[in-house]
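Biologist: I am new to this structure. Please take me through one part of it closely, the helix packing, and then the spaces beside it.

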Amino acid sequence: MNSQKQFKRRFSFEFFPPKTPAGMEKLQTVRDELARRKPDFFSVTYGAGGSTQERTIDTVLKLQDQGISTAPHLSCVGSTLENISALLSHYQDNGINRIVALRGDLPSGMGSAGELRYANELVEFIRQHSGEHFNIEVAAYPEFHPQAESAEADLLNFKKKVDAGANSAITQYFYNADAYFYFVERAEKMGIDIPIVPGIMPITNYTSLIRFSDMCGAEIPRWVKKQLEAYGDDIDSIKKFGEEVVTNMCERLLTAGAPGLHFYTLNQAEPNLKIWDNLGLSDEEQIRF
Ligand code: FAD
């Protein structure tokens with residue numbers, strides 16, 4: 001974890017683009033609450049194969065206009081070079097200077113892979129297209145990507161994204177800080193020297209957390225799962241326990257030198273703010289910088 005300590009800490013919140021005007025209105029309120037904490041940036045997800053393209057663009061430009069730097073996610077799977085190129089130019093023309101570059105996942109049966117097959121190819125393409133204009137974030141997987149051939153192969157593939165020009169990485173969420181420490185150590189040994197920022201998923205709902213974690217390969221430790229199960233429908237206890245578990249993990253991560261945190265907000269303010277405030281991130285300048 002030594003090299004991670006050299007990086008300035010940065011804090012960010014991720015949203016998904018709302019489907020309805022009511023959802024957008026709610027997101028504005030959430031955005032206002034989170035903006036008061038002065039995060040370094042917001043980010044907005046992008047649906048597989050461009051399925052949220054217009055909504056992602058609209059949401060990014062709206063949030064950016066309100067004064068906090070906002071990064072669109074951009075996935076290459078199922079897309080053409082022409083489309084990616086047009087999107088990059090549009091973002092560049094509108095003052096966007098950070099992009100989260102991903103492969104993405106096509107739903108089964110939906111179209112072909114497209115012209116770029118992996119995120120490292122997308123990073124390379126962005127650099128060819130826009131030079132150094134964008135600060136490029138890529139994904140990293142402390143518990144390894146579910147389709148990875150092996151842990152070693154996944155790390156080598158991560159390195160390809162860094163070698164192609166990624167500036168920093170955001171991890172898939174996890175609840176085991178040791179997985180992150182070990183991943184970072186191995187990355188450092190391979191000569192990877194970009195910030196690897198932990199992605200943080202607050203725990204608020206047992207069923208959806210289990211479903212989503214199964215899909216993306218994030219492990220819920222047995223003791224956490226058993227305790228959440230035991231709470232049954234008692235949502236308040238689930239939230240309180242989840243807040244404690246995630247706050248403790250974030251404290252450990254930051255103390256060990258993690259270069260910030262990226263919150264998967266699911267467009268909710270409260271669970272993220274509670275963790276943020278428990279960590280004292282707004283009060284203690286020296287923690288942040
Ligand atoms: P890659 O880095 O391309 O890796 C995908 C798999 O292929 C891995 O198993 C890797 O080991 C392997 N691989 C990589 N490169 C090569 C290569 N050159 N040759 C052979 N094998 C290779 N999904 C969305 O649809 N929209 C989003 O907005 C979104 N945001 C995300 C944000 C973050 C921070 C994270 C962590 C994930 C996000 N995802 C999103 C999910 C992501 O798209 C999936 O996890 C997807 O399966 C992999 O994307 P990637 O960019 O990590 O792919």
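Modeller: What follows covers helix contacts, then a pocket, then cavities. Keep in mind that this is a predicted model.

Start with α6, which spans residues 177-189. Follow it to two partners in turn.

The first partner is α5, residues 151-163. These two helices pack at an angle of about 60°, and their axes are 11 Å apart. Angles under 35 degrees would count as roughly parallel, and 65 to 115 as roughly perpendicular. The pair α5 and α6 is therefore oblique. Their crossing is right-handed. On the α5 side, the contact is made by A151, E152, L155 and F158. On the α6 side, F183, R186 and A187 take part. Sorted by class, the α5 and α6 contact has five nonpolar residues and two charged ones. No polar residue belongs to this contact.

The second partner is α9, residues 235-255. Here the angle is about 25°, and the axes of α6 and α9 lie 10 Å apart. That angle makes α6 roughly parallel to α9, because angles under 35 degrees count that way. The crossing of α6 and α9 is right-handed. From α6, the residues in contact are A177, D178, Y180 and F181. From α9 come M249, R252 and L253. The class count for α6 with α9 is five nonpolar, no polar and two charged.

Stay with α9 for the next stop. This helix also helps to line the second largest pocket, where it supplies five residues, the largest share of the lining. Helix α10, residues 270-278, is the other helix named here, and α9 and α10 each give at least two lining residues. The pocket has a volume of about 150 Å³. Its lining includes D236, K239, K240, G242 and E243. E270, P271, K274 and I275 also line this pocket. So do P202, I203 and T204. By class, the lining of the second largest pocket divides into six charged, four nonpolar and two polar residues.

Now turn to closed spaces. The structure holds two cavities of 30 Å³ or more. The largest cavity has a volume of about 50 Å³. Some names return here: P202, T204 and P271 are among the residues that line the largest cavity. The others are M201, Y264, T265, L266, Q268 and N272. This lining has five nonpolar and four polar residues, with no charged residue. The lining of the second largest pocket, in contrast, has six charged residues.

The second largest cavity has a volume of about 40 Å³. Y141, P142, E143 and F144 line this cavity, along with Q172, Y173 and F174. C216 and G217 complete the list. Six residues of this lining are nonpolar, two are polar and one is charged.

One more helix pair rounds out the tour. Helix α1 covers residues 21-35, and helix α2 covers residues 53-65. They pack at an angle of about 35°, with their axes 12 Å apart. Here too, the crossing is right-handed. M24, L27, Q28 and R31 make the contact from α1. T59, K62 and L63 make the contact from α2. This contact between α1 and α2 has three nonpolar, two polar and two charged residues.

Note on methods. Residues are numbered from 1 along each chain as its sequence is written. This is a predicted model: local features need pLDDT of at least 70, side-chain atom pairs count only at pLDDT 80 or more; totals for chains, interfaces and linings use all residues. Side-chain values use heavy atoms; hydrogens and water are left out. On a 1 Å grid over the protein atoms alone, a cavity is a set of points where a 1.4 Å probe fits but cannot get out, and a pocket is an open set with protein on both sides within 12 Å along at least five of seven lines; lining residues have an atom within 4 Å of a point. Grid points are joined across faces, edges and corners, and a volume is the space filled by probe spheres set on the points. Helices (H or I, at least four residues) and strands (E, at least two) are DSSP runs, numbered from the N terminus. Ala, Val, Leu, Ile, Met, Phe, Trp, Tyr, Cys and Pro count as nonpolar, Asp, Glu, Lys and Arg as charged, and the others, Gly among them, as polar. Axes are lines fitted to C-alpha atoms, for helices over the stretch in contact, and angles run from 0 to 180 degrees between N-to-C directions. Angles under 35 degrees count as roughly parallel, over 145 as roughly antiparallel, 65 to 115 as roughly perpendicular and the rest as oblique. A crossing is left-handed if the near helix is turned anticlockwise from the far one by less than a right angle, and right-handed if clockwise. Contact means heavy atoms within 4.5 Å.
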